[in-house]
Every structure is written in C-alpha cells, then in structure tokens.
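Please walk through this model with me, one region at a time. Keep the sequence beside the 3D view.

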Amino acid sequence: LNAIDDPRLHIVEMDVEVDDSVNNAVQEISKSLGFSGVDILINNAGVLISVDYSKPINRKDAEVNFKVNCVSLMVVTQASQNRGQATRSFADSQCWRRVGL
C-alpha cells in the first residue's frame, strides 16, 4: 500500500485486539477526514487457526479465532459508529450469524 501514490489513500495502523489501538485509529481517521467521516466501514481483519477435530480442541487457538474474528469486529464497528464515522458497516465474517447479532 505504501507504494500507492494517491492523496485519497490514508493508511492507518490498527491492532484490532487492542482497544486503545482501535480508538486511536478511529480518532486519527476522524482528524484526517474531518466532518465528512467514513461512509462505509469494511471489517475484514481476521485469522484462522485451523482445528484438527480428530484431536482435543486447543481452547487457546479457538479463543484467538473468536476474539479476532468476532469480538474485535464488533469493537471496531462500535468505535466507528460511536464517533459518527460509519453510516454503513459490512462484516467479512460468519460470526454475526453464528452469535445472532
């Protein structure tokens, strides 16, 4: 992305597992875009630690999958909406249907 020379592109670093990082990124985006804000938020960060169902499930791996793919997705969406940033949000995750959100 750094090779793209376009003034419309703003690269903002965010660790979706760290609330301060999410809030700082949303704040940086707010400052950068001003009142125009973000029209659409596309949540597509995700991990997949595969599970071998022929062996006992490693709870830590399953928790990492859920934390990044579901909880972090909700946190980023909420942080953006709380600052009036996103008018529409799209989640690239099956989590929303599985947990009934």
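Asn65 touches Val47, Leu48, Ile49 and Cys70, leaving out residues up to four places away in sequence. This is a predicted model. Asn65 sits in helix H2. Is Asn65 buried or exposed? Its relative accessibility is 13%, so Asn65 counts as buried. Its side chain also has a polar partner: it reaches the backbone nitrogen of Ile49 at 2.8 Å. Ile49 therefore appears twice for Asn65, as one of the residues touched and as the owner of that backbone nitrogen, while the buried state rests on the 13% figure.

Now step back to the whole chain. The protein chain has 101 residues, and 24% of them count as buried. Its secondary structure comes to 3 helices and 2 strands. Read from the N terminus, the order is α-β-α-β-α. Take the contacts between residues at least 6 apart in sequence: 58% of them join residues at least 24 apart.

Next, the core. Which residues make up the largest nonpolar core? There are 7 in all: Val16, Val22, Val26, Leu41, Val68, Val76 and Ala79. H1 and helix H2, which spans 59-82, each supply at least two residues of this core. H2 gives the most, with 3 residues.

Val22 is a good place to enter that core. Val22 is found in helix H1. Its relative accessible area is 0%, so Val22 is buried. Follow Val22 to Val76, another member of the core. The two are 54 residues apart along the chain, yet their C-alpha atoms are separated by 6.4 Å. They are also in contact. Setting aside neighbours within four places in sequence, the full contact list of Val22 is Met14, Asp15, Val16, Val75, Val76 and Ala79. Val16, Val76 and Ala79 from that list belong to the core as well.

Move on to Val16. With neighbours within four places in sequence left aside, Val16 is in contact with Val22, Ala45, Val68, Ser72 and Val76. Val22, Val68 and Val76 are core residues too.

Val16 leads to an empty space. How many cavities of 30 Å³ or more does a search of the whole structure find? The search finds 1. The largest cavity has a volume of about 40 Å³. Its lining consists of Val16, Asn43, Ala45, Val68, Ser72, Leu73 and Val76. H2 provides the largest share of this lining, 4 residues. By type, the lining divides into 5 nonpolar, 2 polar and no charged residues. Val16, Val68 and Val76 line the cavity and are also members of the largest nonpolar core. Ala45 and Ser72, both in contact with Val16, line the cavity as well.

Return to helix H1, which covers residues 19-33 and includes Ser21. Ser21 has a relative accessibility of 18%, so it counts as buried; the cut-off for buried is under 20%. The side chain of Ser21 reaches the backbone nitrogen of Asp15 at 2.7 Å. What does Ser21 touch, not counting residues up to four places away in sequence? It touches Glu13, Met14 and Asp15. Met14 and Asp15 are also in contact with Val22.

Look next at the segment before H1, where His10 is found. His10 has a relative accessible area of 45%, so it is partly exposed. His10 touches Ser32 and Leu33, again not counting residues up to four places away in sequence. With Ser32 there is a polar contact, side chain to side chain, at 3.2 Å. His10 and Leu33 are 23 residues apart in sequence, and 9.4 Å apart in space from C-alpha to C-alpha.

Finish at strand E1, residues 38-43, which holds Ile40. Is Ile40 buried or partly exposed? At 45% relative accessibility, Ile40 counts as partly exposed. Ile40 and Ser80 lie 40 residues apart in sequence. From C-alpha to C-alpha, Ile40 and Ser80 are 10.0 Å apart in space.

Definitions and conventions:
Residues are numbered from 1 along each chain as its sequence is written. This is a predicted model: local features need pLDDT of at least 70, side-chain atom pairs count only at pLDDT 80 or more; totals for chains, interfaces and linings use all residues. Side-chain values use heavy atoms; hydrogens and water are left out. Buried means under 20% relative accessible area, exposed over 50%, partly exposed in between (1.4 Å probe, protein chains only). A polar contact is a pair of N or O atoms within 3.5 Å; within protein, one must be able to donate a hydrogen and the other to accept it, and residues adjacent in sequence count only if both atoms are side-chain atoms. Contact means heavy atoms within 4.5 Å. A nonpolar core is a set of buried Ala, Val, Leu, Ile, Met, Phe, Trp, Tyr and Cys residues joined through side-chain atoms within 4.5 Å. On a 1 Å grid over the protein atoms alone, a cavity is a set of points where a 1.4 Å probe fits but cannot get out, and a pocket is an open set with protein on both sides within 12 Å along at least five of seven lines; lining residues have an atom within 4 Å of a point. Grid points are joined across faces, edges and corners, and a volume is the space filled by probe spheres set on the points. Ala, Val, Leu, Ile, Met, Phe, Trp, Tyr, Cys and Pro count as nonpolar, Asp, Glu, Lys and Arg as charged, and the others, Gly among them, as polar.
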